[in-house]
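Hi,

Here is the structure I promised to pass on. Have a look at it first, and then read my notes underneath.

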Amino acid sequence: MKCYNHHDRDAFGICKACGKALCLECMKEENGVIVCNNSLNCLKILDRCRIGFWVGIILLAIILLLLIL
Ligand SMILES: [Zn+2]
Ligand SMILES: [Zn+2]
């Protein structure tokens, strides 16, 4: 599979937001989530994932606290 933006480059990942194949230069990876680094819409997904990540951590901390108390 080739990069959506560079037809001469191999793709290294698929954007989670729009499903396009991306090369290393075109992709942005955070917490295992890959998105287009040139699309604001796709980058928004990262924020959403980041919030989900922290909500998970906080919930886990609350559950641990309840178990201890
Ligand atoms: Zn590319
Ligand atoms: Zn995308």
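N5 counts as partly exposed, because it has 15 C-beta neighbours inside 10 Å. You'll find N5 in the segment before β1 (13-14). The C-alpha atoms of N5 and A21 are 8.5 Å apart, with the two positions 16 residues apart along the chain. Keep in mind that this is a predicted model. Mean pLDDT for the protein chain is 94, and 100% of its residues reach 70 or more. Confidence is highest in strand β2 (residues 21-22), at 97, and lowest in α1, at a mean of 93.

Now the general layout. The protein chain has one helix and four strands, and from the N terminus on they come in the order β-β-β-β-α. What does the overall shape look like? The C-alpha trace spans about 60 × 20 × 15 Å along its principal axes. The radius of gyration is 17 Å, whereas a compact globule of 69 residues would come out near 11 Å. Buried residues account for 13% of the 69. As for contacts between residues at least 6 apart in sequence, 8% of them join residues at least 24 apart.

The helix is next. How well does the span of helix α1 (residues 40-68) agree with its number of residues? At 1.5 Å a residue, its 29 residues should span 42 Å, and the end C-alpha atoms are 43 Å apart, so the two agree. α1 is hardly covered, with a count of one buried residue among its 29.

Two residues of the helix are worth a click. N41 is in α1 and counts as exposed, because it has 11 C-beta neighbours inside 10 Å. In sequence N41 and A17 are 24 residues apart, but C-alpha to C-alpha they are 7.8 Å apart in space. L46 is in α1 too; with 19 C-beta neighbours inside 10 Å, L46 counts as partly exposed. The cut-off for buried is 20 or more, so the 19 of L46 does not reach it. Leaving aside residues up to four places away in sequence, L46 touches E30, V33 and V35. L46 and K16 are 30 residues apart in sequence, and their C-alpha atoms are 9.2 Å apart.

On to the hairpin. Strand β3 (residues 27-30) and strand β4 (residues 33-36) pair in the antiparallel sense, over four bridges. If you want to trace the register, M27 has C36 as its bridge partner in β4, and E29 stands opposite I34 in β4. Two residues sit between the strands of this hairpin. N31 lies in that loop between β3 and β4. Although N31 is not a glycine, it has a positive phi of about 50°. Is N31 buried or exposed? N31 counts as exposed, because it has 9 C-beta neighbours inside 10 Å.

E30 lies in strand β3. With 14 C-beta neighbours inside 10 Å, E30 counts as partly exposed. Its C-alpha atom is 8.6 Å from that of R50, which is 20 residues away along the chain. E30 is also one of the residues that L46 touches.

Finally, the core. Which residues make up the largest nonpolar core? There are nine in all: C3, C15, L22, C26, M27, I34, V35, C36 and C42. The largest share of this core, three residues, comes from β4. C36 is a good place to start when you look around in there: not counting residues up to four places away in sequence, C36 touches C15, C18, K20, L22, C26, M27 and C42. M27 therefore turns up both as a contact of C36 and as its bridge partner, if you use the cut-off of C-beta atoms within 7 Å for a contact. V35 is in the core and is also among the residues touched by L46 of the helix.

Cheers

Definitions and conventions: Residues numbered from 1 in each chain as written. Chains lettered and ligands numbered in written order. Predicted model: local features only at pLDDT ≥ 70, side-chain atom pairs only at ≥ 80, totals over all residues. Pairing = 2+ DSSP bridges. Core = buried A, V, L, I, M, F, W, Y, C linked by C-beta atoms within 7 Å. Buried ≥ 20, exposed ≤ 12 C-beta atoms within 10 Å, placed from the backbone. Contact = placed C-beta atoms within 7 Å. Rg over C-alpha atoms; globule rule 2.2 N^0.38 Å. Expected span 1.5 Å × (residues − 1). pLDDT = per-residue confidence, 0-100.
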